[in-house]
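Here are a few notes to read alongside the model, taken one point at a time. Please keep the sequence and the 3D view open as you go.

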Amino acid sequence: IQGERVRVSWTNDLWAWGHTLENPARSAYFPFGVLAQPGGPPRPWRKHDVASVAEPFEAPSDGYMSVKPGDTVKVLHQTQEPHVWVFAQRILVHGEFDQAGSTDAGWVPECVLRR
């Protein structure tokens, strides 16, 4: 999934072997071409923090939220180690939620958010 953080222990020109930071027992091979260098280490987020979205993220399934650059989100739950995923809700520029009673909330990768 885009935004997932992995620790790579082996690569060649086509494949890599590694595991997710969230679950070291989840080791596997994956195509080397899907890897991207992170912009820095994952940062902790607190409940009520507000962030701007710097990179697009397309929700792969229910529970995630698609976001695009220019969106603003409010963190709904404090992140836990390793701070890879943030549960947030989209807000309008004036600080109101996207729509009254909106369920436009979900998990977004920490790496697409900026303080």
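1. Buried residues account for 30% of the protein chain, which has 115 residues. Please bear in mind that this is a predicted model, and that the points below should be read in that light.

2. As for secondary structure, the protein chain has eight strands and zero helices, and the order of its elements, read from the N terminus, is β-β-β-β-β-β-β-β. The C-alpha trace extends over about 50 × 25 × 25 Å along its principal axes.

3. Turning to contacts within the protein chain, if we take those with a separation of 6 or more, 47% of them are between residues that lie 24 or more positions apart.

4. The protein chain has an exposed area of about 7,400 Å², and carbon and sulfur atoms supply 53% of that area. The chain also carries 11 positive and 13 negative charges, and the mean positions of these two groups are 6 Å apart.

5. One residue that deserves a careful look is Arg 90, which belongs to strand β6, a strand made up of residues 85-91. Is Arg 90 buried or exposed? Its relative accessible area is 15%, and because buried means under 20% relative accessible area, Arg 90 counts as buried.

6. Which side chains does the side chain of Arg 90 meet in polar contacts? One is the side chain of Asp 71, joined to that of Arg 90 by a polar contact of 2.7 Å, and another is the side chain of Asp 104, where the polar contact with the Arg 90 side chain is 2.7 Å.

Definitions and conventions: Residues are numbered from 1 along each chain as its sequence is written. This is a predicted model: local features need pLDDT of at least 70, side-chain atom pairs count only at pLDDT 80 or more; totals for chains, interfaces and linings use all residues. Side-chain values use heavy atoms; hydrogens and water are left out. Helices (H or I, at least four residues) and strands (E, at least two) are DSSP runs, numbered from the N terminus. Buried means under 20% relative accessible area, exposed over 50%, partly exposed in between (1.4 Å probe, protein chains only). Contact means heavy atoms within 4.5 Å. Accessible areas come from the Shrake-Rupley method with a 1.4 Å probe; for residues, only the protein chains shown count as cover. Lys and Arg count as positive and Asp and Glu as negative; His and the chain ends are not counted. The place of a charge is taken as NZ of Lys, CZ of Arg, CG of Asp or CD of Glu. A polar contact is a pair of N or O atoms within 3.5 Å; within protein, one must be able to donate a hydrogen and the other to accept it, and residues adjacent in sequence count only if both atoms are side-chain atoms.
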